[in-house]
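Hi,

Here is the structure I promised to pass on to you. Please open it beside this message, and the notes below will walk you through what turned up.

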Amino acid sequence: MWRRKHSVALTQMANYLATKLGHLGITDGKAVIAADNAQMIKLLRDGAVDLVSETALSALLFEEQAGAKILLREWKKGVVQYHSIFFARADSGIQSLTDLRGCKIAFEDPGSTSSYILPLAALNKVGLPVVELATLQSPVAPTEVGFAFAYGELNIAMWVQRGLVCAGVLSNLDWQDIERTPEIIKSQLVAFHAGAPFIRSLLVVRYGLRTDIEDTIRDALLGIHLEQSAMPVLTAYNKVTRYDEITGEAKRHLLEARSVFAYVRGTLDWMKPES
């Protein structure tokens with residue numbers, strides 16, 4: 001179901017862009033869904049994919065390992081940046097990151113920027129060694145923070161509320177979403193730390209894409225939010241509201257993302273360069 005839904009949305013966007021590229025000999029588009037970043041890197045290298053919408057850290061990985069070019073910033077659901085929210089039970093007494101020493105924390109999954117990679121970096125930067133737990137029942141050393149993946153935003157909130165872990169991390173968007181953090185659960189929780197704002201989504205093009213095609217895609221997407229007939233395409237495509245150039249604030253946020261990427265790339269398996 002997930003793959004079919006995204007394939008339809010990607011095909012709609014690809015076909016929309018094809019209507020703008022007809023004068024360059026392109027008449028239709030095709031959706032390609034990769035199983036993981038490694039497969040997408042291969043597709044980009046082979047020229048099987050021309051355009052990818054991704055989170056900032058994955059986009060930077062594609063830039064490094066496939067020579068991809070970051071083209072535009074993407075306003076996903078009208079939002080250009082987000083940040084991590086650390087939270088605990090209201091009666092836990094936890095008030096700062098350093099209070100997590102000797103505790104267990106719930107992250108979402110290994111690919112989550114806001115609920116794994118950014119909080120992992122934040123904990124490391126305040127001198128807290130973070131180790132993955134074999135099970136939720138595994139002990140944690142007094143000097144470390146133990147973590148487990150909950151594989152779902154609601155699961156994270158429930159684990160904290162039930163006392164299975166001391167704390168959890170969600171993006172501020174998920175923290176505010178009553179479906180992912182229901183009020184009946186959230187009323188028992190308290191946010192104690194907010195991470196720095198982080199650029200949310202980027203559009204990249206493959207290395208070697210013809211300049212005239214790249215320029216046409218850029219111009220089409222920069223104006224797509226002004227085209228009434230394209231609104232259904234944007235809505236289906238991750239509820240994107242617009243695209244803009246990587247300048248000013250966006251450029252600064254991308255530089256910050258590069259700093260985070262450099263900090264964590266050697267510690268995460270899916271970011272490590274191929275040998």
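The lining of the second largest pocket divides into 9 nonpolar, 5 polar and 3 charged residues. This is a predicted model, so please read everything here as computed from it. The pocket, the second largest, has a volume of about 300 Å³. Its lining is made of 17 residues, and those nearest the centre are Leu118, Gly195, Ala196, Phe198 and Val260. Strand S4 (84-89), helix H4 and helix H10 (248-264) each contribute at least two residues to that lining.

Next, the aromatic rings. The count comes to 8 aromatic pairs. One of them joins Tyr116 and Phe149: the ring centres are 4.9 Å apart and the planes stand at 80 degrees, so this pair is edge-to-face. Tyr116 belongs to helix H4 (residues 113-125) and Phe149 to strand S7 (residues 145-149), so the contact ties together parts that are 33 residues apart in sequence. Tyr116 counts as buried because its relative accessibility is 9%, and Phe149 counts as buried because its value is 13%. Phe149 also pairs with Phe147, again edge-to-face, with 5.3 Å centre to centre and 70 degrees between the planes. Phe147 is buried, as Phe149 is. Ring pairs link these residues into a cluster made up of Phe107, Tyr116, Phe147, Phe149 and Tyr151.

Two rings have a charged side chain over them. The charged end of Lys125 sits over the ring of Tyr263, 5.0 Å from its centre. Arg242 lies over the face of Trp75, with 5.4 Å to the ring centre.

Now to the strands. How many residues of strand S8 (residues 167-171) are buried? The number is 5 of 5, so by the under 20% cut-off for relative accessible area S8 is mostly covered. Ala167, Val169 and Ser171 point one way from S8, while Gly168 and Leu170 point the other way, and all are buried. S8 has S4 as an antiparallel partner, joined by 5 bridges; within this pairing, Ile85 has Leu170 of S8 as its bridge partner. Strand S5 (residues 104-107) runs parallel to S8, and 2 bridges join them. Here Ala106 is matched with Gly168 as its bridge partner in S8.

Strand S2 makes pairings of its own. Of its 8 residues, 6 are buried, so S2 is largely enclosed by the rest of the structure. S2 pairs with strand S11 (residues 201-205) in the antiparallel sense over 4 bridges, and the partner of Arg73 in S11 is Leu202. S2 also runs antiparallel to strand S12 (residues 240-244), again joined by 4 bridges; there, Lys76 has Val240 as its bridge partner.

A few backbone angles deserve a look on your screen. As background, most residues other than glycine have a negative phi. Lys77, which is not a glycine, has a positive phi near 55 degrees. You will find Lys77 in the loop between strand S2 (69-76) and strand S3 (81-82). Tyr151 is not a glycine either, and its phi is positive at about 55 degrees. This residue is in the loop between S7 and helix H5 (153-161). Is Tyr151 buried or exposed? Tyr151 is exposed, because its relative accessible area is 56% and the cut-off for exposed is over 50%.

Helix H5 comes after that loop. In H5, 7 of the 9 residues are buried, so the helix is largely enclosed by the rest of the structure. Those buried residues are Glu153, Ile156, Ala157, Met158, Trp159, Val160 and Gln161. Gly163 follows H5 and has a positive phi, near 80 degrees.

One last spot is Gly102, in the loop between S4 and S5. Gly102 is partly exposed, with a relative accessible area of 32%. The C-alpha atoms of Gly102 and Val140 are separated by 5.7 Å, although the two residues are 38 apart along the chain.

Happy to go through any of this with you.

Best wishes

Notes. Residues numbered from 1 in each chain as written. Heavy atoms only, no water. Phe/Tyr/Trp six-rings, centres within 6.5 Å; stacked < 30°, edge-to-face > 60°. Buried < 20%, exposed > 50% of the residue type's maximum accessible area, 1.4 Å probe, protein only. Lys NZ or Arg CZ within 6 Å of the ring centre and 35° of its normal. 1 Å grid on protein atoms, 1.4 Å probe; cavity = no way out; pocket = protein on both sides within 12 Å on 5 of 7 lines; lining within 4 Å. Points joined across faces, edges and corners; volume = space filled by probe spheres on them. Nonpolar A, V, L, I, M, F, W, Y, C, P; charged D, E, K, R; others polar. Pairing = 2+ DSSP bridges.
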